[in-house]
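This report addresses the surroundings of a bound ligand and then turns to the cysteines.

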Amino acid sequence: MSLGQAASPAAAPPAAAAPVLRFPPAPAPRPRPAAPILLSPPELTGGELAALREVLDSGWIAPAGPAPAAFEAALAAATGIPHQLATTSGTAALHLGYRLLGVEPGDEVWTSTLTFVATIAPAVQMGAVPRFLDVAPESWTLDPGLLERELARAARRGRLPRAVVPVDLFGQSCDLDAIAALCDRWGVPVLCDSAAALGASRRGRHAGQGARLAAFSFNGNKIVTTDGGGALASDDAALIARARHLAAQAKEPAAHYQHEVTGYAYGLSAVLAGLGLAQLPALGARVAARRAVFERYRAGLGALPGLGFMPEPGWSRANRWLSVALFRRPAGAPDREAVRRALAAAGIESRPVWKPLHLQPVFRAAPRAGGAVAAGLFAEGLCLPSGSGLGPAQQDRVVAAIRQVAGG
Ligand SMILES: *Cc1c(COP(=O)(O)O)cnc(C)c1O
């Protein structure tokens with residue numbers, strides 16, 4: 001039957017003898033399906049509408065004007081990194097970072113293998129060769145000891161990377177002090193992917209502070225959101241001034257738009273910056289809320305055999321953007337995928353730890369150093385619902401569902 005034809009009416013059922021009425025037992029009352037529990041949903045502060053109205057009233061419906069500038073000033077205050085450019089995304093901030101560091105086709109760019117693809121994608125798109133380094137078991141972030149050995153080897157061969165890009169994993173700062181000191185020794189700049197680490201710190205300094213450049217994200221799943229957005233940050237005013245120029249199409253000051261180089265349309269819109277201004281004051285409370293979520297998981301699940309959690313070294317204060325549990329099968333834990341599927345069946349979203357980039361098909365030919373630690377964390381690690389608005393009753397549901405699979 002073609003879609004244009006009307007369906008013919010169903011034939012009338014033949015008249016049947018009057019049935020003997022036998023009532024089935026009343027069905028057990030079906031529980032109303034509980035609302036799904038998401039991994040890291042956005043949360044509103046209540047100040048967003050007023051902030052949006054203020055931006056709209058200002059007349060700046062553009063990636064320019066007082067709102068992005070005020071958001072950048074608020075980010076500088078929140079992070080202690082004085083120079084900030086608000087961008088359309090964290091990925092855009094990373095792309096600008098690679099451009100500022102002069103990444104060219106054939107250059108090596110080194111990063112932690114345990115990360116989201118956006119860390120390295122812009123460099124790859126610029127023709128760089130990515131090289132993936134393993135993480136340290138104590139922090140799950142770039143292993144400084146491995147980096148030290150690899151930098152020394154690369155220097156002997158005369159082939160140092162154009163940039164080293166450590167990652168603040170799941171809201172835990174990498175050991176940036178050690179990493180920056182090693183890279184300084186060889187004159188290699190550090191671009192820190194702090195996309196998920198707003199509000200995190202190490203040794204009293206904010207995540208990303210002390211790198212040549214740091215990138216932040218305000219995507220809807222992050223701890224503070226502008227819907228979509230990001231920022232590139234640096235202690236170096238000239239670097240951020242150049243990023244600002246590139247992010248606004250690299251227009252030279254001339255009435256006719258003169259161009260020495262080509263740029264991008266990467267400036268954060270004023271409207272979204274307004275959202276960010278309403279969100280940012282909640283940062284401290286959200287870090288506390290996400291850390292409390294982590295502690296409740298530890299209290300509720302910690303006794304299960306084979307269960308582990310993402311460690312927090314003594315030098316780190318993570319924002320616990322995502323709470324990550326390890327299901328160590330040799331120690332008696334159930335299979336990570338069995339847990340994930342059981343949670344999904346209960347309407348609870350969870351996600352495996354990042355698949356290490358050296359195991360991704362797109363990077364199968366990329367050079368690497370180690371990777372076994374990251375691969376093990378991928379096999380056993382599960383990111384649990386971690387939103388700052390996750391209530392104790394919802395979290396009890398998650399804990400109960402895991403206990404059920406784990407036989408606890
Ligand atoms: C979120 C995230 C990004 C990308 O940020 P967007 O704003 O989504 O472009 C990059 N790296 C890491 C580690 C992230 O978590």
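In this predicted model, the ligand is surrounded by 14 residues, and the closest of them are Gly 90, Thr 91, Asp 193, Ser 217 and Lys 222. Sorted by class, this shell comprises 4 nonpolar, 8 polar and 2 charged residues. The ligand takes up the space of the largest pocket.

Three side chains that make polar contacts with the ligand are listed below.

| Residue | Side-chain atom | Ligand atom | Distance |
|---|---|---|---|
| Thr 91 | polar atom | oxygen | 2.5 Å |
| Asp 193 | polar atom | nitrogen | 2.8 Å |
| Ser 217 | N or O atom | oxygen | 2.6 Å |

Thr 91 and Ser 217 thus each approach an oxygen atom of the ligand, whereas Asp 193 approaches a nitrogen atom. On its own the ligand has 380 Å² of accessible area, of which the protein covers 91%.

The second topic is the pairing of cysteines. A disulfide is a covalent bond between the sulfur atoms of two cysteines. How many disulfides does a search of the whole structure find? The search returns 0. Cys 174 takes part in no disulfide, and the nearest cysteine sulfur to it belongs to Cys 192, 4.0 Å away. Seen from Cys 192, the closest cysteine sulfur is that of Cys 174, and no bond is assigned because 4.0 Å is too far; the cut-off for a disulfide is a sulfur pair within 2.5 Å.

Are these cysteines buried or exposed? Cys 174 counts as buried because its relative accessibility is 0%. Cys 192 also has 0% relative accessibility and therefore counts as buried.

How values were computed. Residues numbered from 1 in each chain as written. Predicted model: local features only at pLDDT ≥ 70, side-chain atom pairs only at ≥ 80, totals over all residues. Heavy atoms only, no water. Near = heavy atom within 4 Å. Polar contact = N/O pair within 3.5 Å; in protein donor to acceptor, adjacent residues only side chain to side chain. Areas by Shrake-Rupley, 256 points an atom, 1.4 Å probe, with all protein chains shown as cover. 1 Å grid on protein atoms, 1.4 Å probe; cavity = no way out; pocket = protein on both sides within 12 Å on 5 of 7 lines; lining within 4 Å. Sits in = over half its atoms within 2 Å of the grid points. Nonpolar A, V, L, I, M, F, W, Y, C, P; charged D, E, K, R; others polar. Buried < 20%, exposed > 50% of the residue type's maximum accessible area, 1.4 Å probe, protein only.
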